[in-house]
Amino acid sequence: MYPGLPGATARFGIRGSWLVLRKGLLRKWAFTAVPRICIRKFSTDRSISQDIEGLLKSVVGLNNVTTSKSVLEHHGQDESYHSNSPPGIVVWPESTEQVSQVAKICYANDLPMIPFGTGTGMEGGVCSTSESVCVNLTKMDEIVDLNSEDFDVTVQPGVTRNTLNSYLRDQGLWFTVDPGADASVCGMCATCASGTNSVRYGTMKENVMNLEVVLADGTILHTGGKGKRSRKTSAGYNLTNLFVGSEGTLGFITKATVRLYGIPESIVSAVCTFDSIQSAVETVIQVLQCGIPIARIEFLDELSIEAVNRYSNLNNKVAPSLFLEFHGSHNSVEDQTKAVGELVLENGGSNFQWSEDLAERNKLWQARHNAYYANIALRPECKGMATDVCVPMTKLPEIIMATKQDLMDHGMIGPMVGHVGDGNFHTVILFDPNNPEELQTAKKVSENMARMALSLGGTCTGEHGIGIGKRQLLREEIGETGIQTMKHIKAALDPKNIMNPGKVL
């Protein structure tokens, strides 16, 4: 029997292999001595056969497979502006072994596989074709192993960051990476998520210790060694960070071991306004130069403030603003707040207001997290093209002002927010989805912003990823040698190009 394929037999020869499936389905593939570097394109008119559907049901169960049109459409789109592109079938495995068996079936039959978590991505990473098998990992939702004294935890891909933090609260611990959406932790690994806390606690890249990954052919890999969770290692290649940010193109992340931190004794949130973006960014730079361990420092332009005020029922002054948060002991937080308040005044800022009250803090940060939806609400029945770049902090005022001018020149609305403590900012370009010209204009402004970031020594994406929308920009950023190196890696781990094809490369 062929390993993991119910009702299948295999005969291997020097030149190739034959796989005979139940009901007489016959498939053949050829072995190649050297991984191919070309990226194969899949047709969009093939559909999943009943034979394949039967095999998948035999692995994950009858109730964990569907071809319902509404479910397929739900799995064909994330939060991005890209058109809905549904898969041919959706499966819900409940264990790593089941994911491995599903992968073996798809690998043997040249079927593309699309990992799916919470669907909160911003670059079309879940877009599929009618011949694709969408593997929804949300039923694998166990918190596998908590080591509170070692400050780490291992979770399955169905565990979201909010679920994890609710579980950790009684232990006095928390998982710090906060992209805003209630994304799955393993999905955050796949996109190298970051967010509002990254200026102090780092991105996913700094917080992932080990991964369990199912490769395209069903092989199960532990990137740091099975069961290993040391705080650091210099043993061999850094396989863990190879998969962090791989966007599902190299394998399914079925477990992640991540760092935890103690919940601070005292937390204070603050907000302040400025007459100019330059003054706001200079304040941020001075805060970091002074060594103040700021936990969050977020920028919102005047248009975003107006949107947030309307959407979240706030009354902040409509002006370039900073939302801040301080963590530590009561005395240290008091010192931090005082020092930052003085820097705000020195740079012409005003309305520096702070609060230690939990309800007030939650209201402020919930408003910040809802900024995307608040910005879209500025123009009813529109869509938002959310795009992000990251540049050296000193270049932020230049690129923000240039992008504002570009939006104005093209007659587009584009509120801005940013994790300015690490040079990352976002623009939500609003466009009418029924107006093709507006869509093209929005794409042009987005590309202009990304190319300017590259010219200033930055990157075309700080945290959203490449997906299907920024592949050309990736090529411009890392060059042809970088692209070919990535293709070699992809070909080594996924020689048939069936893991989330068409993304990144």
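Biologist: What is the relative accessible area of Arg-379?
Modeller: This is a predicted model, in which local features need pLDDT of at least 70 and side-chain atom pairs count only at pLDDT 80 or more, while totals for chains, interfaces and linings use all residues. Residues are numbered from 1 along each chain as its sequence is written, and side-chain values use heavy atoms, with hydrogens and water left out. Buried means under 20% relative accessible area, exposed over 50%, and partly exposed in between, using a 1.4 Å probe and protein chains only. Arg-379 counts as partly exposed, at 25%.

Biologist: With which residue does Arg-379 form a salt bridge?
Modeller: A salt bridge is a side-chain nitrogen of Lys or Arg within 4 Å of a carboxyl oxygen of Asp or Glu, and here the closest N and O atoms are 3.0 Å apart. The pair links distant parts of the chain: Arg-379 sits in the loop between α13 (371-376) and β19 (383-390), and its partner, 59 residues apart, is in helix α15 (residues 436-455). Helices (H or I, at least four residues) and strands (E, at least two) are DSSP runs, numbered from the N terminus. The partner in α15 is Glu-438.

Biologist: Is Glu-438 buried or exposed?
Modeller: The relative accessible area of Glu-438 is 19%. That value lies under the lower cut-off, so Glu-438 is buried.

Biologist: Which residue completes the network of Arg-161, Asp-178 and Arg-296?
Modeller: Salt bridges that share partners join these residues into one network. The remaining member is Glu-325.

Biologist: How many salt bridges are there in the whole structure?
Modeller: Side chains of opposite charge can pair when their charged atoms come close. A search of the whole structure puts the total at 18.

Biologist: Which lysine meets the side chain of Glu-302 in a salt bridge?
Modeller: The N to O distance in this salt bridge is 3.7 Å. Distant parts of the chain are linked here, with Glu-302 in helix α10 (residues 302-312) and the lysine 102 residues apart in helix α14 (residues 396-409). Glu-302 is partly exposed at 31%, whereas its partner counts as buried at 18%. That partner is Lys-404.

Biologist: And which residue does Glu-306 meet in a salt bridge?
Modeller: The N to O distance for this pair is 2.6 Å. Both residues lie in α10, four residues apart, about one turn of the helix. Glu-306 is partly exposed at 27%, while its partner is exposed at 57%. The partner is Arg-310.

Biologist: Which residue takes a positive phi just after α10?
Modeller: Within α10, the buried residues include Ile-305, Ala-307 and Val-308. The buried residues of α10 pack against elements including β16 (294-300), β17 (321-328) and α12 (358-369). Just after the helix, a phi of about 55 degrees belongs to Asn-313.

Biologist: Which strands stand at the edges of the five-stranded sheet?
Modeller: This open sheet has the order β8-β9-β13-β11-β12, with antiparallel pairing; two strands pair if DSSP finds at least two bridges between them. Each edge strand has a single partner, so one side of each is left without a neighbour in the sheet. Those strands are β8 (143-147) and β12 (220-222).

Biologist: Which residue of β13 stands opposite Val-153?
Modeller: Strand β9 (residues 152-155) pairs with strand β13 (residues 252-259) in the antiparallel sense over four bridges. Opposite Val-153 stands Val-258.

Biologist: At what angle does helix α3 run to β11?
Modeller: Axes are lines fitted to C-alpha atoms, for helices over the stretch in contact, and angles run from 0 to 180 degrees between N-to-C directions. Helix α3 (residues 96-108) lies across β11 (208-214), β12 and β13. Its angle to β11 is about 45 degrees.

Biologist: Which residues does Leu-242 contact, leaving aside its neighbours within four places in sequence?
Modeller: Leu-242 lies in helix α8 (residues 239-243) and is partly exposed, at 28%. Contact means heavy atoms within 4.5 Å. By that rule, Leu-242 touches Leu-250, Ile-489 and Leu-493.

Biologist: Which residue of β5 is the bridge partner of Val-65?
Modeller: A further open sheet, of four strands, has the order β4-β5-β7-β6, with mixed pairing. In it, β4 and strand β5 (residues 89-91) pair in the antiparallel sense over two bridges. The bridge partner of Val-65 is Val-91.
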